[in-house]
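You asked for a careful reading of the enclosed spaces in this structure, written for someone who has not looked at it before. The points below are meant to be read with the structure open.

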Amino acid sequence: MTITPLDTLDFDGEPFDVLAWSLALEPATSPAPRSSTAPVAASPTSAVPAVRDTTAPAPSTPPVAASGPSADPIAALLHEVRSELVTAHLSAMDVQTALQRRALAGLGGEHIVRTGTDIAPASPAWAEQSFAVMVDYTPATGLAVSAAPGHPVVFELPAPATTMNAFKFLARTPITTLRGADLAALGRGEVAAVFGPAYDQEGVNPAIRLTDGAHGTLTEVLEIAGREGPWARGRLRAAGRIEGPDPVTAATELTWQAAQVFAMRAGLQLCLAGARFQAGEPFEVTVSAPMAGPVELTADVVQIDLLPRPWLRMNAEIRCAGTVVARVHGLTLEVAEEPGLPVGPEAGGEIPRFLGRRNAFGQRALLGEFHMTHSARGDLGIALGPEFSAYAGRRATRMPNHGLQLCDRVMAVDGRRGQLDAGSSHTEYDSPADSWYYLESANASMPNVVYMETSLQSALLLGYFLGATLTSPGEDFSLRNLDGSATVLREVDLRDKTIQQTSRLIDTTVLVGVVLQTFSYELAVDGEPFYAGESLFGFFNAPALANQNGLDNGEFVPTWLDSQEPRPAVRVIDVAARRAAGTGLPCAVGHLAMLDRIEAVDSGGAFGLGYLRATRAVAAGDWFFGYHFHLDPVMPGSLGVEAVIQAMQEWTIDSGLAAELLAPEFVLPVGVSMSWRYRGQILASDELMTLEVHIKSVERRHGRIRVIADASVWKPSMRIYELTDVAVELRDADAQPW
């Protein structure tokens with residue numbers, strides 16, 4: 001919920017005197033209880049009594065005077081006025097408390113405890129009532145709703161999603177609204193007929209369908225938005241109709257249908273063959289007024305994930321004639337597999353059956369997003385097979401997670417587990433146009449960090465799947481990239497494309513505490529390669545990982561600038577100021593903003609064409625430690641390369657080279673083979689990363705300018721990265737290929 005100035009409650013009058021509690025009130029002068037047949041909304045806090053502070057003493061009841069009418073009519077009037085003031089102020093305090101509680105809930109992180117109370121639908125005066133509700137759903141029996149008064153409902157409100165941890169729908173479709181005929185088709189289980197062929201799953205699964213409502217039915221979906229709402233995880237707005245005298249069941253049915261529609265649109269059912277919807281834990285329904293006929297529903301996704309099975313949680317608000325009549329908090333929908341059937345590889349990496357996932361072209365996948373998510377932050381036994389279940393809770397080789405998880409599906413593997421001399425795999429990654437890296441990059445398309453990560457991740461997955469760490473199953477291995485080279489083969493816009501990744505294991509060397517593997521890889525889109533490379537990975541146990549001496553045999557080698565006597569003049573490039581101004585060519589922003597300030601030496605460096613140096617503070621709270629890797633946080637080496645590229649881009653602009661072009665934009669240069677050597681890692685404890693760049697050439701063609709450099713990266717104690725032929729390029733939008 002977004003709190004606006006309209007949500008602030010003010011009181012116009014004299015400050016409330018809390019000593020009124022101690023005033024003796026005559027029973028005869030106290031106001032009689034009101035009675036009304038019109039709906040009356042009680043204090044919002046009455047629905048959540050369990051959140052009150054039960055450790056503080058309850059306010060004592062005001063003392064009551066001796067029985068008998070008051071002999072003083074003025075005193076009686078004062079008693080009545082003061083009593084009304086007490087009631088008004090208490091109501092105001094309750095409402096303000098509820099608004100504050102809702103505001104805090106919108107910020108995330110609070111534990112909200114909600115308790116059901118008895119239902120009395122026949123009461124002539126409607127008070128706002130809350131009910132702990134449990135839903136049981138099966139295709140055969142439909143939806144069954146049961147209230148459980150007095151049973152507490154506990155759930156946690158998370159922080160809103162960010163661009164980095166936003167949930168990526170498993171299939172893409174332009175469909176965002178549904179008419180009655182579409183809802184009827186979903187009721188028949190015809191998901192692909194409504195949302196498109198990407199949602200097809202080998203025939204119709206009767207369990208994946210929109211359920212009918214006996215008391216509440218959706219009649220039209222007005223909007224399905226993937227990253228809207230207070231938690232930025234999705235919103236569904238719909239029209240519906242309520243029939244019958246049971247408002248709790250009606251509100252539940254409408255919200256349950258909304259959850260089903262959103263789950264289908266997100267593709268949660270595509271994770272598992274024979275998938276079925278089922279209800280999760282109890283939730284809360286709050287009814288504040290009678291409701292019948294047409295209604296409007298707004299349902300916000302609070303949480304959505306694929307672990308341990310696909311699921312989502314929704315809050316919903318139902319309005320009748322513009323007035324809120326019901327709220328649903330914490331309704332959970334889960335996707336479950338067919339009982340008794342395996343959901344992942346068996347021993348040896350054997351795939352026992354079709355596990356449910358097809359790609360956008362209708363081809364069967366061996367493993368899908370469900371398994372890749374488990375490989376990143378879940379159960380490695382589900383992702384790769386039972387041999388990997390022993391790694392639960394241990395530091396182990398894992399895929400990066402959330403927005404840095406850049407491999408979605410394994411389509412094929414050629415090789416057998418335990419045979420580490422050769423093998424190949426075909427994997428895929430879907431790159432939605434609204435991905436964080438398109439929004440935050442200075443490039444016209446995908447930034448270099450994602451080129452590197454998606455190719456390297458597909459390769460490491462092959463080696464891991466074939467059993468590189470199973471050579472010493474008792475060890476806790478960490479994965480580190482050591483060497484590599486890669487070349488962009490052609491310019492391509494990858495927005496909303498499926499990238500096909502082909503990886504080949506070239507050789508494996510098993511040492512004490514270390515396993516080394518070399519791979520080649522190629523990325524393609526629409527059947528045409530656009531990126532190729534080769535890389536060496538190492539799987540290290542803890543002693544081997546600790547025995548790192550950098551690129552200079554343990555000696556500290558200073559940067560070029562620090563080794564110059566006398567120190568040359570330095571020009572500062574203020575990246576932070578240019579980013580804040582937001583004018584001219586775009587800067588990297590958000591998660592990709594690696595640098596704020598660059599020192600430049602004109603005509604300096606190893607080649608006399610220019611020199612750059614920059615530092616970046618490193619802290620445990622840096623975003624990448626939470627995404628790379630689970631239980632083994634380390635800064636991706638590709639982000640160090642990205643920082644070097646950003647320094648070069650800023651120098652290119654600051655040097656005036658962009659002024660030579662009419663409509664310049666940055667692209668990844670084609671045909672330049674960049675190589676890297678990593679002999680160390682940036683950890684949170686390192687506190688500082690330093691980089692330097694030696695410009696080695698500035699090349700020009702019609703409508704294009706290309707800058708090539710060599711670079712190094714330091715942690716405080718040693719030089720750890722060495723990069724050769726790093727390149728950036730500016731081009732006019734209509735320029736011919738290089």
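What follows is a set of numbered points on the internal cavities.

1. This is a predicted model, and everything said here about its interior should be read with that in mind. The count comes to four cavities of 30 Å³ or more, and the two largest are taken in turn below.

2. The largest cavity has a volume of about 130 Å³. It is lined by 13 residues, among which Asn448, Val488, Pro669, Val672 and Met674 are the closest to its centre. Two elements each give two or more residues to this lining, namely strand E14 (478-488) and strand E25 (718-732).

3. As to the character of that wall, the lining of the largest cavity divides into 10 nonpolar residues, two polar residues and one charged residue.

4. The second largest cavity holds about 50 Å³ of space. The residues that line this second cavity are Val410, Val413, Ser425, Thr427, Ser458, Leu461, Leu462 and Phe465. Strand E12 (409-414), strand E13 (423-431) and helix H8 (448-466) are the elements that give two or more residues to the lining, and the largest share, four residues, comes from H8.

5. Which kinds of residue make up the lining of the second largest cavity: nonpolar, polar or charged? The lining of this second cavity divides into five nonpolar and three polar residues, with no charged residue, whereas one charged residue is found in the lining of the largest cavity.

Notes:
Residues are numbered from 1 along each chain as its sequence is written. This is a predicted model: local features need pLDDT of at least 70, side-chain atom pairs count only at pLDDT 80 or more; totals for chains, interfaces and linings use all residues. Side-chain values use heavy atoms; hydrogens and water are left out. On a 1 Å grid over the protein atoms alone, a cavity is a set of points where a 1.4 Å probe fits but cannot get out, and a pocket is an open set with protein on both sides within 12 Å along at least five of seven lines; lining residues have an atom within 4 Å of a point. Grid points are joined across faces, edges and corners, and a volume is the space filled by probe spheres set on the points. Ala, Val, Leu, Ile, Met, Phe, Trp, Tyr, Cys and Pro count as nonpolar, Asp, Glu, Lys and Arg as charged, and the others, Gly among them, as polar.
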